[in-house]
Amino acid sequence: MNRLFLKIFGWFWLTIMLVSAALIIVTMAALPAPPERMWNSDLGANRFIRQGLVRNLQRTVDLYESAGVDSLLTRRNRAVFLHDSFIFDSNGNEITESAPPPIKATELVQALRNSRRSDLYMHPFVGIKISSSSRNLYYCVLKADQIAMARRQMGFYSRFQASANDNLTREMIISLLSVFLIAGILCFFLAKYLTSPISRLRNATKELTGGNLSVRIGPSMGKRNDEIAYLARDFDLMAEQIEKLLTSQIRLLRDISHELRSPLARLNVALELARLSPEEGRKPALDRIEHESECLNNMIEQLLALSRMENGTVDSRKEYFKLGEVIASIAEDARFESKARNIKIEVIEKDEIHLNGHEQILRSALENVVRNAIAYTRENTTITITMGSCLVDEILHARIEVRDQGEGVPESELDKIFTSFYRLAPSRDRNSGGSGIGLAISERAVKLHNGSIKADNHPEGGLLITIILPLN
């Protein structure tokens, strides 16, 4: 069991216990108890109320014996428990003479005289036997509501003690134990609910660190829809991205080594031929060496450009330029390259567009798309380049479409053609269709300009590549 579980469980449990105990104690201390229960309950009289009443009544009878009735009456308002109360002597005569005592009060005094008890309750009066300092016996009769008033005048601790005596301490203990047990069970499952996915996330992290890139934790969250579930989904996204990046890195290293191996092998062959050939017959071998060197140089430049765009280290300076002029220049170069196969390049410019961005990077991106179309279109066909504007989310964008008339691409492969070194041909020879870096560079360049690029099979045949670039 981990420490987080114990912390959550302990703090929740302790908090609930303290709050519940405080509520029970305050509630029981604040409950008004009936006077008859307070004074004449089965558990006996409340000692705090009894002691306060007895002290005040003893002072009253001592004052009576020392100064007489007149002195008692002048101080009547100072005696807390003399309002609507009566004091009788040992013979049962009322000595204050403030008002005729009710019959019930007289009956209560007679009952006290005949009883061994020091106090009796007879609704609505309570009678108490009081001994003065000179050992004389008196009977004091008070209204029961005066006891309730005395209880309200007591301090919190005394009220709590009174409640404990009046309201059965056993009931309070049972209530506390019930809260203790129920709160413990609820807090246990709450802590388990909160910490178990964190434990699974920790185990998944360990597996990911150990090299298991396929580990995922999202399915184990079930139907949870809280912050922990969001954290699990973010972990799965992170693991997926790490897996893709590492897989891409491994594949990139493998593909680079394969791509470089072929021209290097041809370079070695050409170099060997140059060494074995007579001086006048070395020109073809030297031309081959020059050609392969240029291929290697172009590939390295493309890889460096791709790396710079992926790492965000391209020149941040932007400039305004006419997109139509860039496309026209690319189309002119493409016409020169495609003459041998009788391929036409048609440019349709619907709108004049001024774009703020990296002109050379976008030129390279568009040039790679057009060259890819030339490589895969059939002979004696036309490649169409269409440029115009469109609204995307109420923002003006430039829209560039390049369509060839080749065999197209299988639907399952459309998203993969922008991956580095990916080629549809099963052969890995460069003659089957370039190095597989051009469209990857195009995709990175478009994203650098906050645009999008996608490939679709045209309904009438061929591949259609669409580039959308924001103008603002």
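Okay, so Tyr64 is partly exposed, with a relative accessible area of 21%. Keep in mind that this is a predicted model. The ring of Tyr64 has a partner, Tyr138, and Tyr138 is buried at 6% relative accessibility. How are the two rings arranged? Their centres are 6.1 Å apart and the planes sit at 85 degrees, so we call the pair edge-to-face; the cut-off for that label is over 60 degrees. The count for the structure is one aromatic pair. And this pair links distant parts of the chain: Tyr64 comes from helix α3, residues 47-74, while Tyr138 comes from strand β4, residues 137-143, which puts them 74 residues apart.

Since we've landed on β4, let's look at its sheet. This is an open sheet of four strands, ordered β1-β4-β3-β2, and the pairing is antiparallel. Which strands stand at the edges? Those are β1 (86-88) and β2 (119-122); each has a single partner strand, so one side of each has no neighbour in the sheet. On average, neighbouring strands here are turned by 20 degrees against each other, if you ignore direction. In the middle of that order, β3 (residues 125-131) and β4 pair over seven bridges, antiparallel, and Gly127 stands opposite Val141 in β4. Then there's a helix packing on the sheet: α4, residues 103-114, touches β1, β2, β3 and β4, and its direction makes about 45 degrees with that of β3.

Now over to β8 and β9. Strand β8 covers residues 382-392, β9 covers 395-403, and the two pair in the antiparallel sense over nine bridges. If you want a spot to click on, Ser389 has Ala398 in β9 as its bridge partner. The hairpin has two residues between the strands, and Asp393 there takes a positive phi near 55 degrees. β9 also pairs with β11, residues 463-470, antiparallel again, over seven bridges; there, Glu401 has Thr466 in β11 as its bridge partner.

On to charges. The structure holds twelve salt bridges, and I'll pick out a few. Still in β9, Arg403 forms one with Glu460, with the closest N and O atoms 3.9 Å apart. Glu460 sits in the loop between β10 (452-457) and β11, so this pair ties together parts 57 residues apart in sequence. Are these two buried or exposed? Arg403 counts as buried at 17% relative accessibility, whereas Glu460 is exposed at 67%.

Another one is Glu359 with Arg363, again with the closest N and O atoms at 3.9 Å. These two are four residues apart in helix α11, residues 359-376, which is about one helical turn. That fits the usual picture: an α-helix has 3.6 residues a turn, so residues three or four places apart point the same way. There's also Lys454 with Asp456, where Lys454 is partly exposed at 48% and Asp456 is partly exposed at 29%.

And a network: Glu443, Arg444 and Lys447 are linked by salt bridges. For some context on that stretch, helix α12, residues 438-448, is mostly covered, with eight of its eleven residues buried. Glu443 is one of the buried ones. After α12 comes Asn450, which has a positive phi near 60 degrees.

Last, the whole chain. We have twelve helices and eleven strands, and buried residues make up 39% of the 472 residues. The chain exposes about 27,900 Å², with carbon and sulfur atoms supplying 55% of that.

Technical notes. Residues numbered from 1 in each chain as written. Predicted model: local features only at pLDDT ≥ 70, side-chain atom pairs only at ≥ 80, totals over all residues. Heavy atoms only, no water. Phe/Tyr/Trp six-rings, centres within 6.5 Å; stacked < 30°, edge-to-face > 60°. Buried < 20%, exposed > 50% of the residue type's maximum accessible area, 1.4 Å probe, protein only. Pairing = 2+ DSSP bridges. Axes fitted to C-alpha atoms, helices over the stretch in contact; angles between N-to-C directions. Contact = heavy atoms within 4.5 Å. Areas by Shrake-Rupley, 256 points an atom, 1.4 Å probe, with all protein chains shown as cover. Salt bridge = Lys/Arg side-chain N within 4 Å of Asp/Glu carboxyl O.
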